[in-house]
Amino acid sequence: LGELLLLLGGRLAEATPLDAIPHDVDEPMPAFTKDPAGWIRLPLTRLKLPSCCARCTGPRDVVVPLPVTAWGDWLLGWLLGGIRSVEIPMPLCEPCQNFLAHRQRRGGFLGSALGAFLGTAIGYIGIGWWQEGRDVALWLGGSVGLAVGMIAGSLLGMALTRRMPVRIRHYSPSRGLVSVRFENPEVAERVLTAINDRPKRP
């Protein structure tokens, strides 16, 4: 038993002490990459957009706030004490800003026209069938259908055409993570290069 204790003591003495292990060695961190759909999952604090336009990579003229809402708060926010959201500054040039605004206005106009047609037809046919073709009921049903269809179609058209060059989803405040996707692949590569380029310690 004594020889066994001496042998174990010698082995422990030959082992490297903890003080000899450097504690300032940088551990390799996994690189951020895009998934097959082009989305990048990363911490919100690491998301830094380049100073150029986020759509065409040209010179920046304006900075547009991009609201980011926590996943599920639109439905459950009232139970959690309010909607948790942050704003990401998105740089744009003036031509790209005008293009996005024009596309959204055009979507709202087309949606309003289509909604007015469908709403009038549904209101006219539905009320006419329900009230057996009475003139007052037909006029009332057509008018209500026209108003509701125009408003609903306009809102839907503007929502569908509001495609920003930077899309952010699945924001998790508890974990601090977001998923981001860029319309321009060059902007995506710049962001990936910036977040994966970790400065080394001196």
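Me: In this predicted model, what share of the 202 residues in the protein chain counts as buried, and what makes a residue buried?

Reply: Buried residues account for 31% of the 202 residues in the protein chain. A residue is called buried because its relative accessible area lies under 20%.

Me: Why is Cys-93 called buried?

Reply: The relative accessibility of Cys-93 is 7%. The cut-off for burial is under 20%, so Cys-93 counts as buried.

Me: Why is Cys-56 called partly exposed?

Reply: Cys-56 has a relative accessibility of 36%. Buried requires a value under 20% and exposed a value over 50%; the value for Cys-56 falls in between, and therefore this residue is partly exposed.

Me: How do you know that Cys-56 and Cys-93 form no disulfide?

Reply: The closest cysteine sulfur to that of Cys-56 belongs to Cys-93, at 3.6 Å. A disulfide needs two cysteine sulfur atoms within 2.5 Å, so this pair is too far apart for a bond.

Me: What is the closest cysteine sulfur to that of Cys-93, and why is there no bond?

Reply: That sulfur lies in Cys-96, 3.4 Å from the sulfur of Cys-93. Set against the limit of 2.5 Å, this distance is too far for a bond. By this rule the count of disulfides is zero.

Me: How do you know that β1 and β5 pair, and in which direction do they run?

Reply: Pairing calls for at least two bridges between two strands. Four bridges join β1 to β5 (residues 177–182), so the two strands pair; they run antiparallel. Leu-42 stands opposite Val-178 in β5.

Me: Why are β1 and β4 called edge strands?

Reply: The open sheet has three strands in the order β1-β5-β4, with antiparallel pairing. Both β1 (40–43) and β4 (166–172) pair on one side only, and each is an edge strand. From one strand to the next, the twist averages 30°.

Me: What makes a set of residues a nonpolar core, and how many residues has the largest one here?

Reply: Such a core consists of buried nonpolar residues joined through side-chain atoms within 4.5 Å. The largest has 29 residues, and those with the most contacts inside it are Leu-47, Val-166, Ile-168 and Phe-182. Helix α5 provides the largest share of this core, five residues.

Me: Which residues are in contact with Leu-47, leaving aside its neighbours within four places in sequence?

Reply: Leu-47 is in contact with Leu-42, Ile-88, Ile-168, Val-178, Val-180, Phe-182 and Val-191.

Key: Residues numbered from 1 in each chain as written. Predicted model: local features only at pLDDT ≥ 70, side-chain atom pairs only at ≥ 80, totals over all residues. Heavy atoms only, no water. Axes fitted to C-alpha atoms, helices over the stretch in contact; angles between N-to-C directions. Buried < 20%, exposed > 50% of the residue type's maximum accessible area, 1.4 Å probe, protein only. Contact = heavy atoms within 4.5 Å.
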